[in-house]
There are 2 protein chains.
Amino acid sequence: MRLYLAGPDVFLPGAVQIGARKRGICARYGIEGLFPLDVEVETQGRAEPIFRGNLALMESADGGVFNLTPFRGPGADAGTAFELGFMAAQGKPVFGYSSNPAPYLDRVGVHCGPLVRHGQGWRDRDGLAVEDFGLSDNLMLAVSIAESSLDVYTVAEEGPEALAAFRAFKLCMAEIAARLTRWQSKESPHVQGSL
Amino acid sequence: MRLYLAGPDVFLPGAVQIGARKRGICARYGIEGLFPLDVEVETQGRAEPIFRGNLALMESADGGVFNLTPFRGPGADAGTAFELGFMAAQGKPVFGYSSNPAPYLDRVGVHCGPLVRHGQGWRDRDGLAVEDFGLSDNLMLAVSIAESSLDVYTVAEEGPEALAAFRAFKLCMAEIAARLTRWQSKESPHVQGSL
């Protein structure tokens, strides 16, 4: 089982070590974690080879685990969102986790508030409608994960490594491992897009 | 030719009218524009049917045109990024446009600056590395479009409809139409993933 480990972790100081730690957590369950930076080192930091390298990693993976912790605003990193869409289109199982348990609506209130009532919904300070489904992020992201696995795993975390969301990641990996064990013990045929 | 019209336009006041205007611009070129809100009206604003409806629209489209104008931060809307990844994985041609011509690095400087030099690169005020490829957004988004079509089309625009980026959209559609004409006149086999 090979899982692509997507997220804004690659932008954190010590990203290489963070990737190694996440791969180590995967290895405890006999899972191979694929971290985007492993590719980046070989590509000397040029954009096109990084893009192609990440695509190749996703193509080679059996599923994806997505760090949806808010990045430079109220929602998930756009690069991570791109990769979630890419793997959802491949029909592979996708999982999500985050160190921020607040619903998307509340986070938009913090970053782009105050929110104002508009009919049945809400608008932000720029007059833009805010999704109000009680979800953790934009519905395309949150529902793709809900339909494939479960809700996004969240464990509140603060400090310099909050963006890596290690606690929620560990919870998510334990759940993936438990599902994998149940699935393997049943020896049932693999259902595409879910575990 | 059916093109999916992705973007944060759906969150703007008057989104239904904006969608109708964009579909009208497509129609001038004999192209059918598919706007996500057309689905939403039928789904009574529930998250799962909107998700499935948008997926069905993308499945039925021949390609996608993505509004990457920054949304609630320095970069593109995460829902739009998800859909770009989804259609890129399908091997369909993807185009991009924006009303903000500044490179991603500069926009991060505005939203999350001041930027600080770190080795060959830059870090934002939170110590997070900032991509410095001269691209319009996160490399996964920008390169997926560059590899499929051309760079993201940008025309600076301000005011209440800047997020809809009509000027850049018109430029992008004119270019798509010109390519379509060239392609049809050559009667060459369709190259998957590009026009």
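## Two cysteines in chain A

C26(A) has a relative accessibility of 0% and therefore counts as buried. This value, like the others in this report, is computed from a predicted model. How many disulfides does the structure hold over all chains? The count is 0. C26(A) takes part in no disulfide, and the cysteine sulfur nearest to its own, that of C172(A), is 9.4 Å away. A disulfide needs two cysteine sulfur atoms within 2.5 Å, so a distance of 9.4 Å does not qualify.

The view from the other cysteine agrees: C172(A) is in no disulfide, and its nearest cysteine sulfur belongs to C26(A), at 9.4 Å. C172(A) is also buried, with a relative accessible area of 0%. In general terms, a disulfide is a covalent bond that joins the sulfur atoms of two cysteines.

## Confidence of the prediction

The mean pLDDT of chain A is 92, and 92% of the residues in chain A reach 70 or more. Where in chain A is confidence lowest, and where is it highest? The lowest mean, 72, is found in helix α2 (residues 36–42) of chain A, and the highest, 98, in α4(A). For the complex, the predictor gives an ipTM of 0.94 and a pTM of 0.94.

## How the two copies are related

Two copies of a chain are related by a rotation about an axis and a shift along that axis. Here a turn of 180° with a shift of 0.0 Å along the axis lays chain B on chain A, with an RMSD of 0.0 Å. The two copies are thus related as by a two-fold rotation axis.

The interface can be described in a similar way. Of the interface residues of chain B, 100% are also interface residues in chain A, so the copies meet through the same surface.

## Aromatic pairs

A pair of aromatic rings is described by the distance between the centres and the angle between the planes. Ring centres within 6.5 Å count as a pair, and by this rule there are 8 aromatic pairs over all chains. One of them joins F11(A) and F71(A), with 5.3 Å from centre to centre and 20° between the planes, and this pair is stacked. F11(A) lies in the loop between β1 (2–6) and α1 (15–27) of chain A, while F71(A) lies in the loop between β3 (63–67) and α4 (78–89) of chain A, so the pair ties together parts that are 60 residues apart in sequence. Both F11(A) and F71(A) are buried.

The ring centres of Y97(A) and F169(A) are 5.2 Å apart and the planes stand at 55°, so this pair is tilted. Y97(A) belongs to strand β4 (residues 94–98) of chain A and F169(A) to helix α7 (residues 166–186) of chain A, so the pair ties together parts that are 72 residues apart in sequence. Are these two residues buried or exposed? Y97(A) is buried, at a relative accessible area of 1%, and F169(A) is buried at 0% relative accessibility. Elsewhere in chain A, F51(A), F82(A) and F86(A) form one aromatic cluster.

## Charges over rings

F169(A) appears again in another kind of contact: K22(A) lies over the face of the F169(A) ring, at 5.0 Å from the ring centre. In chain B, the charged end of R21(B) sits over the ring of F166(B), 4.0 Å from the centre of that ring.

## Backbone details

Which peptide bond leading to P114(A) is cis? The bond from G113(A) to P114(A) is cis, with omega near 5°. P114(A) is located in the loop between α5 (104–112) and β5 (116–118) of chain A. In chain B, the peptide bond from G113(B) to P114(B) is cis, again with omega near 5°, and P114(B) is in the loop between α5 (104–112) and β5 (116–118) of chain B.

R72(A) has phi near 50°, which is a positive value in a residue other than glycine. R72(A) lies in the loop between β3 and α4 of chain A and counts as buried, at 13% relative accessibility. For R72(B), phi is also near 50°. R72(B) is found in the loop between β3 (63–67) and α4 (78–89) of chain B and is buried, with a relative accessible area of 12%.

## A residue on helix α7 of chain B

A178(B) is part of helix α7 (residues 166–186) of chain B. At 30% relative accessibility, A178(B) counts as partly exposed. A178(B) and Y29(B) are 149 residues apart in sequence, but 9.2 Å apart in space, C-alpha to C-alpha.

Key:
Residues are numbered from 1 along each chain as its sequence is written. Chains are lettered from A and ligands numbered from 1 in the order in which they are written. This is a predicted model: local features need pLDDT of at least 70, side-chain atom pairs count only at pLDDT 80 or more; totals for chains, interfaces and linings use all residues. Side-chain values use heavy atoms; hydrogens and water are left out. Rings of Phe, Tyr and Trp (its six-membered ring) pair if their centres lie within 6.5 Å; planes under 30 degrees apart count as stacked, over 60 as edge-to-face and the rest as tilted. Helices (H or I, at least four residues) and strands (E, at least two) are DSSP runs, numbered from the N terminus. Buried means under 20% relative accessible area, exposed over 50%, partly exposed in between (1.4 Å probe, protein chains only). A charge sits over a ring if NZ of Lys or CZ of Arg is within 6 Å of the ring centre and within 35 degrees of the ring normal. pLDDT is the predictor's confidence in each residue, from 0 to 100. Copies are superposed by least squares on the C-alpha atoms of residues with pLDDT of at least 70 in both. Contact means heavy atoms within 4.5 Å.
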